[in-house]
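Here is a short report for a reader meeting this structure for the first time. Please look over the sequence and the model before reading on.

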Amino acid sequence: KPARDKALKVVQDIDPVLTPDDVESTCRLLGNSQYAFLAYVHLGLMHEDANQQFPNEFSQLQIFSALRSLSSLLEVEMKTLAGDMEATLFPALESLYKSKNWWNGFEKNRQAIKATQKSTRPVDDQLKDAMSITPTDSDSSFWKSVLIAYITRNYTIHQMETRCALVQSYSGKAFGHILHVMVTAPRHI
């Protein structure tokens with residue numbers, strides 16, 4: 001329950017209308033992986049707090065690790081929802097959401113900030129631009145979270161550098177956006 005409450009608090013920073021039932025539904029959807037989900041949230045937020053009080057490399061590595069693990073779990077959730085465990089994250093997202101009215105806005109922004117495969121644009125700049133997007137409705141709030149989760153997943157899967165804006169400046173918000181996608185993804189299908 002304490003980890004669910006923490007997850008709810010963080011996701012409500014992104015979408016205040018979410019309830020304990022929304023987090024509980026995500027836990028049920030994750031099945032046996034719900035313990036991992038709650039552990040990643042707990043560890044990530046615990047080290048986020050510790051690092052804010054006393055910046056230290058250990059907490060920064062733990063934040064990075066929790067973001068990586070949570071991003072991997074997000075990818076598994078999207079692949080499960082898409083019904084294609086062989087896909088990677090973007091093809092799973094495309095399969096689930098390409099027919100939605102908001103997809104073009106997501107794609108336009110993803111291309112504009114260069115959150116693309118083999119992009120040479122620094123992740124710090126991608127995140128800064130993605131974080132600065134102002135949603136106008138629940139759909140744009142969702143795709144903003146998808147974009148930030150996508151950038152986070154790509155960086156944490158392919159890099160191991162903690163001296164980046166993801167860990168140093170945006171980790172708390174990144175946790176919130178990843179959780180927002182995980183909690184609300186089924187209702188956007």
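The text below covers confidence, pockets, aromatic pairs, salt bridges and two backbone angles.

**Confidence**

This is a predicted model. The protein has an average pLDDT of 94. A score of at least 70 is reached by 100% of the residues. Confidence is highest in α5, at 97. It is lowest in helix α9, residues 165–168, where the mean is 88.

**The largest pocket**

The largest pocket holds about 520 Å³ of space. Its lining is made of 22 residues. Which of them lie nearest its centre? They are T116, Q117, K118, N154 and H158.

Three helices each supply at least two lining residues: α5 (89–97), α7 (123–131) and α8 (138–158). The largest share is from α8, with six residues. By class, nine residues of this lining are nonpolar, eight are polar and five are charged.

**The second largest pocket**

About 260 Å³ of space lies in the second largest pocket. Here 13 residues form the lining. Nearest the centre are K9, V10, D13, L45 and D49. The elements giving two or more residues to this lining are α1 (2–12), α3 (34–53) and α10 (171–184). Helix α3 gives the most, with five residues. The classes here are four nonpolar, three polar and six charged residues.

**Aromatic pairs**

How many aromatic pairs does a search of the whole structure find? It finds eight. One of them joins F64 and Y155. This pair is edge-to-face, with 6.2 Å centre to centre and 80° between the planes. F64 sits in helix α4 (residues 57–82) and Y155 in helix α8. The two are 91 residues apart, and the pair links distant parts of the chain. Are these residues buried or exposed? Both F64 and Y155 are buried.

W102 and F142 make another pair. Their ring centres lie 5.5 Å apart and their planes meet at 85°, so this pair is edge-to-face. W102 lies in the loop between α5 and α6 (103–112), while F142 belongs to helix α8, so the pair ties together parts that are 40 residues apart in sequence. W102 counts as buried, at 8% relative accessibility. F142 also counts as buried, at 0%.

Ring pairs also build a cluster. Its members are F90, Y97, W102, W103, F106, F142 and Y150. So W102 and F142, the edge-to-face pair, both belong to this cluster.

**Salt bridges**

Side chains of opposite charge can pair when their charged atoms come close. The structure holds seven salt bridges. Three of them are listed here.

| Salt bridge | N to O distance |
|---|---|
| D5 and K1 | 3.1 Å |
| K98 and E94 | 4.0 Å |
| D129 and R121 | 2.6 Å |

How exposed are the partners? In the bridge of D5 and K1, D5 is partly exposed, with a relative accessible area of 38%. K1 is exposed, at 64%.

In the bridge of K98 and E94, K98 is exposed, with a relative accessible area of 51%. The cut-off for exposed is over 50%. E94 counts as partly exposed, at 28%.

In the bridge of D129 and R121, D129 is partly exposed at 23% relative accessibility. R121 is partly exposed too, at 24%.

**Two positive phi angles**

Most residues other than glycine have a negative phi. K114 has a positive value, near 65°, and is not a glycine. Where is K114 placed? It is in the loop between α6 and α7. K114 counts as partly exposed, at 44% relative accessibility.

K118 is not a glycine either, yet has a positive phi of about 65°. K118 is also found in the loop between α6 and α7. Its relative accessible area is 77%, so K118 is exposed. K118 also appeared earlier, among the residues nearest the centre of the largest pocket.

Conventions
Residues numbered from 1 in each chain as written. Heavy atoms only, no water. 1 Å grid on protein atoms, 1.4 Å probe; cavity = no way out; pocket = protein on both sides within 12 Å on 5 of 7 lines; lining within 4 Å. Points joined across faces, edges and corners; volume = space filled by probe spheres on them. Helix = DSSP H or I, 4+ residues; strand = E, 2+ residues; numbered from the N terminus. Nonpolar A, V, L, I, M, F, W, Y, C, P; charged D, E, K, R; others polar. Salt bridge = Lys/Arg side-chain N within 4 Å of Asp/Glu carboxyl O. Buried < 20%, exposed > 50% of the residue type's maximum accessible area, 1.4 Å probe, protein only. Phe/Tyr/Trp six-rings, centres within 6.5 Å; stacked < 30°, edge-to-face > 60°. pLDDT = per-residue confidence, 0-100.
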